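Subject: Structure handover

Hi,

Here is the structure for your files. Please load it before reading on.

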Amino acid sequence: VARFGGDEFIVLLEAVTEHVAAEDTAARIISAIRAPLAVEDGEVSVSASIGLCFANGPDDEPGELLAYADAAMYQAKAKGKASFQVFNDDLRRRTKNKSEIEATLRQAMINDELRCYLQPLYSNDGARIEAYEALVRWEHPTLGLLLPADFLRTAADTGVIVAIDRWMLAQACRMAIDWRQMHPNEQIPPLWVNASIRSLLQADFVSHVTEIVQTFGVPHGAVGIEIDDDVLALDADAAARVIAPLRRAGVQVALDDFGVGHSSLARLH
């Protein structure tokens with residue numbers, strides 16, 4: 001057993017000849033980890049997601065096996081966590097696509113392959129559009145139109161997410177101005193743009209956002225920034241330092257996915 005980094009661990013089973021034995025081991029690990037732990041006056045429970053990859057022979061590369069197990073683990077997480085997933089041909093294809101995505105992601109911005117799609121956000125009664133959320137898409141030259149789930153995690157791992165966030169903000173500001181010029185007598189709903197944790201923690205994040213907004217001449221409240229709830233758990237003080245100057249500059253700020261992760265009403269306040 002080894003700690004790979006962060007909250008990721010590796011278990012190497014050397015004497016396993018049947019796949020069912022490894023799956024049984026994974027199930028027992030998950031069950032053991034889920035046992036409640038006594039903490040002060042209460043109990044807490046944790047869960048584990050496990051990815052399994054089987055070696056075919058002595059010529060297998062350890063790095064590839066780790067990558068395959070990692071891909072299977074994320075698949076287990078996507079299916080609801082506290083489970084295990086065996087690496088298979090479908091995941092092998094996805095892993096190959098991920099490698100291709102990572103190799104071409106930086107070039108995608110140079111080649112103008114990113115697209116900004118708008119998703120309407122309706123009022124509770126469905127009678128009117130209250131706002132639009134700007135969502136990125138990638139017109140990959142060989143893989144076709146890719147959704148955020150297909151490449152944003154890779155973008156975050158490689159740091160390209162910062163450039164993508166800034167490109168999306170500029171697109172949203174341009175759209176906000178174009179719409180107002182084309183429909184001067186209409187009430188145009190605001191556009192919301194997602195800001196990743198990595199972008200938010202950049203030293204020049206606030207100055208860059210305010211500069212873009214001022215360059216395009218975007219009216220107060222026409223464009224907003226959505227911050228994921230995870231940033232509060234990561235660094236609530238950093239989030240607070242960002243939110244106040246953005247609001248003063250006329251950029252709305254909203255908290256996205258509150259309640260999904262380890263949310264805290266104290267941090268929300």
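Below are notes on the cysteines, the nonpolar cores and one helix.

This is a predicted model, where local features need pLDDT of at least 70, side-chain atom pairs count only at pLDDT 80 or more, and totals for chains, interfaces and linings use all residues. Residues are numbered from 1 along each chain as its sequence is written, and side-chain values use heavy atoms, with hydrogens and water left out.

Cysteines. The whole structure has 0 disulfides (cysteine sulfur pairs within 2.5 Å). Cys-116 is in none; its nearest cysteine sulfur, in Cys-173, is 10 Å away. That is too far for a bond. Cys-116 is buried, at 16% relative accessible area, and Cys-173 is buried at 0% (buried: under 20%; exposed: over 50%; 1.4 Å probe, protein chains only).

Cores. The largest nonpolar core (buried Ala, Val, Leu, Ile, Met, Phe, Trp, Tyr and Cys joined through side-chain atoms within 4.5 Å) has 42 residues. Helix H5 (residues 160-182) gives the largest share, 10 residues (helices are DSSP runs of H or I, at least four residues; strands are E, at least two; both numbered from the N terminus). Another core, of 5 residues, lies apart and includes Tyr-68 and Phe-87.

Helix H1. It covers residues 19-33 and reaches 22 Å between its first and last C-alpha. Ala-22, Thr-25, Ala-26 and Ile-30 are buried. They fall within an arc of 135 degrees seen down the axis, so they line one face (arc of directions from the helix axis to the C-beta atoms). The face turned away carries exposed Val-20, Arg-28 and Ala-32.

Best wishes

Definitions and conventions: Expected span 1.5 Å × (residues − 1).
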